[in-house]
Amino acid sequence: MPASFQQILNSRIFKFIIGEEIDGKATEFFVHEDAVAQLSPSLRALMKGEMEEAQMGCTIWEDVSKETFERFAQFAYTGDYTVPEARKRIVVEKGSTTNDSTPAVSLSNLNEVSAVPSEKKVEEPTIATISEDVLGEVGIGLGSSSSSKKMKMKKLKKGKSIRKPSFFEDDEPPPIEPPVEIPAEEPTSPSPISRREKYPYFPGPRLVVDFKDLGYPLLAPLNNYEHTTSSTLTFDQIFDPSLSCSCIFLAHASLFFLANYRQIDTLKSLTLHKLHTTLCAFRLTETNASDIVDLARYVYVQEGDVGGEIRNMVCQLMAMNAVVLCCSEGFMEVARGGGTVCAGFLQV
């Protein structure tokens, strides 16, 4: 069971001396003991067992870089880690630096593109005129209304008088029943009325805004590192050829080997998941093929038969993009040199 936040805060402060072999100088970090010891049995034995490091409250990790340990400590406290941002790619140009690949646009093309189709004349709808003879036939007069009134009076004189509906002649009025006398009740003393009966419902104050509609927005995100822990690449990192994603790939890979060495299964699975998601979003081209070559070199430079999961992932990616990688000078240099990278690629 993981330690609670209160147990982590009240635990001993443990000292880590990091990166003297990798960074060229040592960096000291101070973390809570329970935050790191809960990650794996080997770390618990290192920090809380009978080893010399546990007694002194200090350990030295020379082969771990400063940036890798910062992500490791962030995972120990929060359960996730950040990745660096893509950097500008350094391109060594050969020959002339200018490349005028934009085709020239002639005046004829401009005229064709900018030509605006001529506006069509919209014919206004014509209103048909109706003669007075036609209006007279349908009973619509153009002059005064006196002629129509005279025609109505003649029809009334020749016709019959207006007859009332038949129900006024046949139906007889209903008989009038004598009123029924209701005996008067004897006056009785009124019973006392309780307050609940007198006021069965007492309405509360009418509010202008419903209580459930009140809003209290957050001024800061719940996770301060939420925008940096995403395992997907941004739009610029995918489509901008001038940005290098090599540092992002190596950040996941270095943390994987640390978790593999310290037997932290949760961190291993997280690094594999985030690296796989990142590589799926990555669009491999001839320009950024060096990023995958750097990842393959780092994965296979580790000593011993370790990291089988991440090596298999990288080899599968290279085999799927073999046509693009063959156009990369860096990959062909690795292939000519042979070694474990070439052997793993050929096995796939």
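The chain comprises 19 helices and 5 strands, where helices (H or I, at least four residues) and strands (E, at least two) are DSSP runs numbered from the N terminus. The model is a predicted one, in which local features require pLDDT of at least 70 and side-chain atom pairs are counted only at pLDDT 80 or more, whereas totals for chains, interfaces and linings use all residues. Residues are numbered from 1 along each chain as its sequence is written, and side-chain values use heavy atoms, with hydrogens and water left out.

The mean pLDDT (the predictor's confidence in each residue, from 0 to 100) is 75 for the chain, and 64% of the residues reach 70 or more. Among the elements, strand β1 (residues 13-18) has the highest mean pLDDT, 97, and helix α7 (residues 107-114) the lowest, 40. Over residues 95-122 the pLDDT stays under 50, and the model has 2 contacts (heavy atoms within 4.5 Å) for this stretch beyond four places in sequence. The pLDDT is also below 50 over residues 134-146, a stretch with 4 contacts in the model beyond near neighbours in sequence.

Of the 348 residues in the chain, 30% are buried, a class defined by under 20% relative accessible area, with exposed meaning over 50% and partly exposed in between (1.4 Å probe, protein chains only). Of the contacts between residues at least 6 apart in sequence, 67% join residues at least 24 apart.

In soluble globular proteins, nonpolar side chains tend to be buried together. The largest nonpolar core (a set of buried Ala, Val, Leu, Ile, Met, Phe, Trp, Tyr and Cys residues joined through side-chain atoms within 4.5 Å) contains 58 residues, of which Phe16, Trp61, Phe69 and Phe72 touch the most other members. Helix α13 (residues 246-261) supplies the largest share of this core, with 9 residues. Beyond four places in sequence, Phe72 is in contact with Val36, Leu39, Leu43, Trp61, Leu255, Leu258, Ile264 and Leu267.

Thr68, located in helix α6 (residues 66-78), counts as buried because its relative accessibility is 6%. Outside its neighbours within four places in sequence, Thr68 contacts Ser254, Leu255 and Leu258. Leu46 belongs to helix α4 (residues 41-48) and is likewise classed as buried, at 6% relative accessibility. Apart from residues up to four places away in sequence, Leu46 touches Phe14, Met51, Glu53, Ala54, Thr59, Trp61 and Arg262. Leu46 and Thr59 are 13 residues apart along the chain, and their C-alpha atoms are separated by 8.5 Å.

Two helix pairs involving helix α16 (residues 308-320) were examined. The axes of helix α15 (residues 289-301) and α16 come within 10 Å and cross at roughly 150°; axes are lines fitted to C-alpha atoms, for helices over the stretch in contact, and angles run from 0 to 180 degrees between N-to-C directions. Helix α15 is therefore roughly antiparallel to α16, given that angles over 145 degrees count as roughly antiparallel, under 35 as roughly parallel, 65 to 115 as roughly perpendicular and the rest as oblique. Ile292, Leu295, Ala296, Val299 and Tyr300 of α15 make the contact with Ile310, Arg311, Val314, Cys315, Leu317 and Met318 of α16.

Helix α14 (residues 265-281) packs against α16 at an angle of about 10°, with the axes 11 Å apart, and the two are therefore roughly parallel. Here Lys268, Leu272, Leu275, His276 and Leu279 in α14 meet Glu309, Ile310, Met313 and Leu317 in α16.
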